[in-house]
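The following report describes a single protein chain in terms of its strand pairing, helix burial, internal space and selected residues. Please read it alongside the sequence and coordinates shown below.

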Amino acid sequence: MAITISRASLSDADAIAEFLHTCWDDTYGSFLSAETLSTIASEWHSPELLRGQITDPRIVFLVARTDVSLAGVATAKRSRDEEMLTVLRLYVLSGHQRRGIGTELLKTALAASPKTRRVELEVAEGNPHGLSFWIKQGFRASGRSHAQAGNTAIPLITMERTVPA
């Protein structure tokens with residue numbers, strides 16, 4: 001099955017919101033409550049928020065598609081000087097994982113940000129597949145933080161890597 005990667009468009013926002021809801025249920029449903037997942041869907045993945053990110057010139061918002069549906073999504077934000085790229089999200093549906101889609105989404109985000117010298121991100125401590133993916137991509141843990149979703153604090157591992165000039 002062929003996968004194409006392109007910039008997200010405003011008309012993609014509703015499908016991306018549904019995609020993210022599915023990915024979060026699959027990835028985090030074992031340790032986050034349904035209420036917390038619902039809060040995240042409405043606050044972090046609303047179509048309105050996604051449309052704002054899609055149109056933000058500092059954000060690289062990518063979708064990976066099969067012939068019939070979304071298979072992956074990546075969002076990364078460039079710093080004002082464009083030397084740092086913060087990966088805000090990178091998800092691939094479980095049925096499409098381990099096919100290189102996540103790697104291609106990351107490479108495409110980096111190619112769209114040629115001045116980038118450092119990349120940073122946060123991954124949930126309870127997401128071992130995500131942590132493994134980022135380590136394979138050359139990232140190393142650089143700290144800890146948390147994200148607040150309603151009344152739930154989600155422990156995060158901060159990771160980073162440099163980008164060769």
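Contact here means heavy atoms within 4.5 Å. The model is predicted, and every value below is computed from it.

**Helix α3 and its surroundings**

Helix α3 covers residues 47-55, and its buried residues are Leu 50, Gln 53 and Ile 54. Viewed down the axis of α3, these buried residues fall within an arc of 100 degrees, so they line one face of the helix. A general point of helix geometry is relevant here: an α-helix has 3.6 residues a turn, so residues three or four places apart point the same way. Glu 48 and Thr 55, on the other side of α3, are exposed. The cover over the buried residues of α3 includes helix α1 (13-28) together with the strands β2 (59-65), β3 (70-78) and β4 (84-92).

Leu 49 also belongs to helix α3. With a relative accessible area of 34%, Leu 49 is partly exposed, a class that lies between the buried limit of 20% and the exposed limit of 50%. Once neighbours within four places in sequence are left aside, Leu 49 is in contact with Glu 43 and Trp 44. Leu 49 and Met 159 are 110 residues apart along the chain, and 25 Å separates their C-alpha atoms.

**Strand pairing**

Three strand pairs are set out in the table, each with its sense, its bridges and one pair of facing residues.

| Strands | Sense | Bridges | Facing residues |
|---|---|---|---|
| β3 and β4 | antiparallel | seven | Ala 74 and Leu 90 |
| β4 and β5 | parallel | four | Leu 85 and Val 119 |
| β6 and β7 | antiparallel | nine | Ala 141 and Met 159 |

Strands β3 and β4 form a hairpin with five residues between them. Within the turn of this hairpin, Glu 82 has a positive phi of about 70 degrees, although Glu 82 is a residue other than glycine. At a relative accessible area of 30%, Glu 82 is partly exposed.

Strand β6 spans residues 140-149 and strand β7 spans residues 152-162. Their hairpin has two residues between the strands, and Gly 150 there takes a positive phi near 65 degrees. A further positive phi, of about 65 degrees, occurs at Arg 98, which is not a glycine. Arg 98 is placed in the loop between β4 and α4 and, at 70% relative accessibility, counts as exposed.

Ala 147 lies in strand β6. Is Ala 147 buried or exposed? Its relative accessibility is 16%, and Ala 147 therefore counts as buried. Apart from residues up to four places away in sequence, Ala 147 touches Trp 44, Thr 152, Ala 153, Ile 154 and Leu 156. Trp 44 is thus named as a contact of Leu 49 and also as a contact of Ala 147. Ala 147 and Ala 124 are 23 residues apart in sequence, and their C-alpha atoms are 8.9 Å apart in space.

**Cavity and pocket**

Rolling a probe the size of a water molecule over the atoms shows where empty space is left. How many cavities of 30 Å³ or more does a search of the whole structure find? The search finds one, and about 40 Å³ of space lies in the largest cavity. Strands β3 and β4 and helix α4 (101-111) are the elements that give two or more residues to its lining. The lining residues are Ala 74, Thr 75, Ala 76, Val 87, Arg 89, Leu 90, Leu 105, Leu 106 and Ala 109. By class, seven are nonpolar, one is polar and one is charged. Ala 74 and Leu 90, both in this lining, stand opposite each other in the pairing of β3 with β4.

The largest pocket holds about 1,100 Å³ of space. It is lined by 44 residues, of which Tyr 28, Leu 90, Tyr 91, Asn 127 and Trp 134 are the closest to its centre. Leu 90 is therefore named in the cavity lining and in the pocket lining. At least two lining residues of the pocket come from each of α1, α3, β4, α4, β5 (118-124), α5 (128-136) and β7. By class, the pocket lining has 21 nonpolar, 16 polar and seven charged residues.

Terms used
Residues are numbered from 1 along each chain as its sequence is written. This is a predicted model: local features need pLDDT of at least 70, side-chain atom pairs count only at pLDDT 80 or more; totals for chains, interfaces and linings use all residues. Side-chain values use heavy atoms; hydrogens and water are left out. Buried means under 20% relative accessible area, exposed over 50%, partly exposed in between (1.4 Å probe, protein chains only). The arc is that of the directions from the helix axis to the C-beta atoms. Two strands pair if DSSP finds at least two bridges between them. On a 1 Å grid over the protein atoms alone, a cavity is a set of points where a 1.4 Å probe fits but cannot get out, and a pocket is an open set with protein on both sides within 12 Å along at least five of seven lines; lining residues have an atom within 4 Å of a point. Grid points are joined across faces, edges and corners, and a volume is the space filled by probe spheres set on the points. Ala, Val, Leu, Ile, Met, Phe, Trp, Tyr, Cys and Pro count as nonpolar, Asp, Glu, Lys and Arg as charged, and the others, Gly among them, as polar.
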